Amino acid sequence: MKKIIYIFILLLLISCHKEKITPLNITRNIQPSRKIQIQEKCFSNGTYRDSILFFIAECCPEGRYIYMFNDSLQEIHRYGEKGRLFNEFNMPFFYKNSKRYKEDSLIQIYDLNLLHEKQLNYRFINTDHHLVDGKLLPSKLYFAENLNQIDSNLVIGNTIEVNNGIFFIYNNSTDSIRWIDCNTRLHFNNPEIKFAAHKNIICANPSQKVFYVGYRFLDLIQLYDVNGKLLKNIQFSKLKEPFQAKQYVGISYDNPLYIIDMYATSEYCYALRVNIPVEQLNANQSIPCQILVMDWEGNIKDVIQIPFLITPLVINENNTKLFSTCPNNADPEYAYLVEFDL
């Protein structure tokens with residue numbers, strides 16, 4: 001009798017840990033509604049405010065970092081000199097959270113190399129008041145990435161260095177940081193491999209106090225609250241432990257990449273999913289990619305397929321337009337700025 005009870009409990013535990021797979025049913029394929037050739041070909045991230053499209057360039061020959069376009073995809077301004085002052089940049093990134101206040105005209109930027117935080121007031125871009133509150137990041141946020149400002153007190157993100165979890169919650173009032181360990185049921189003896197396998201992108205909704213974590217090497221997106229509580233797993237295929245490279249310590253480029261970018265608006269989180277190994281991704285830019293549209297309660301509202309690779313994701317404020325860039329295969333000196341109707 002005891003043996004039967006033991007077997008029953010074991011089967012119950014196995015069934016409780018059975019992976020729930022969410023099917024990705026593509027609702028539609030979309031083509032660009034507009035496509036403009038541009039010379040700058042390596043935009044790293046972007047944002048959209050009040051009919052202005054902002055991109056940060058990684059390799060601008062003029063030493064300018066922030067490119068601004070209007071709704072007609074015409075360039076209207078370039079901003080940001082290369083340097084080490086508070087009004088200059090070295091490796092800037094936009095914060096990933098959705099807009100905190102409707103009337104807010106400030107765009108938050110952090111510089112990974114300079115360890116600065118800056119706020120760009122785009123309404124005064126051509127005046128002496130374009131930057132306000134330039135300051136050093138708290139030391140606990142040094143070398144942090146994927147930063148999301150929840151309120152004046154809380155910042156959520158991760159780092160480029162091996163750390164103690166998949167993301168941190170930083171409390172400004174106490175200058176304390178709390179790491180949240182992985183909730184993927186994958187176990188690694190080597191902390192470097194564990195860190196690399198759980199590499200992720202974060203985007204948050206400050207008003208609803210929740211955020212998504214999308215994994216590069218795991219076909220998984222997770223929804224958390226700002227206290228670090230896991231609210232939902234959204235898994236698209238069976239989780240597999242990424243295999244290690246033989247030539248170096250890390251994840252092999254033969255592993256498929258899954259979520260490579262995310263973008264937050266007040267209504268939705270958009271995730272860019274590719275499901276292809278790094279080596280193939282670099283060799284073939286004409287592969288299709290998917291845009292997963294999720295509300296802030298963990299529900300997938302749409303799955304859109306695009307016939308070629310785009311990056312990064314930028315969505316306008318009423319969720320009707322998607323902006324990005326894609327390679328120009330005919331002329332590698334140029335790229336395309338593309339717009340899609342959602």
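Here is a short tour of the cores and pockets in this structure, which is a predicted model.

**Stop 1: the cores.** Start by selecting Leu 53, Phe 167, Ile 291 and Ile 310. The largest nonpolar core has 63 residues, and these four touch the most other members. Now zoom in on Ile 291. Setting aside neighbours within four places in sequence, you'll find Ile 291 in contact with ten residues you can click through: Tyr 270, Ala 271, Leu 272, Asp 302, Val 303, Ile 304, Ile 306, Ile 310, Leu 313 and Leu 322. Next, pick Tyr 212, Ile 221, Met 262 and Val 303, which are among the 17 residues of a second, separate core.

**Stop 2: the largest pocket.** Select Ser 44, Glu 58, Arg 216, Ile 260 and Thr 311. Of the 41 residues lining the largest pocket, these lie nearest its centre. The space in there comes to about 1,200 Å³. Try colouring the elements that give two or more residues to this lining, including strand 3 (43-49), helix 2 (191-197), strand 21 (256-264) and helix 3 (278-283). Colour by residue type instead, and the lining splits into 24 nonpolar, 10 polar and 7 charged residues.

**Stop 3: the second largest pocket.** Jump to Arg 49, Asn 97, Ser 98, Lys 99 and Arg 100, the closest to the centre of this pocket among its 34 lining residues. It holds about 630 Å³ of space. Which strand gives the most to this lining? Strand 3 does, with 5 residues. Strand 10 (106-111) and strand 21 each supply at least two. By type, the lining of the second largest pocket has 13 nonpolar, 12 polar and 9 charged residues.

Conventions. Residues numbered from 1 in each chain as written. Predicted model: local features only at pLDDT ≥ 70, side-chain atom pairs only at ≥ 80, totals over all residues. Heavy atoms only, no water. Core = buried A, V, L, I, M, F, W, Y, C linked by side-chain atoms within 4.5 Å. Buried < 20%, exposed > 50% of the residue type's maximum accessible area, 1.4 Å probe, protein only. Contact = heavy atoms within 4.5 Å. 1 Å grid on protein atoms, 1.4 Å probe; cavity = no way out; pocket = protein on both sides within 12 Å on 5 of 7 lines; lining within 4 Å. Points joined across faces, edges and corners; volume = space filled by probe spheres on them. Helix = DSSP H or I, 4+ residues; strand = E, 2+ residues; numbered from the N terminus. Nonpolar A, V, L, I, M, F, W, Y, C, P; charged D, E, K, R; others polar.
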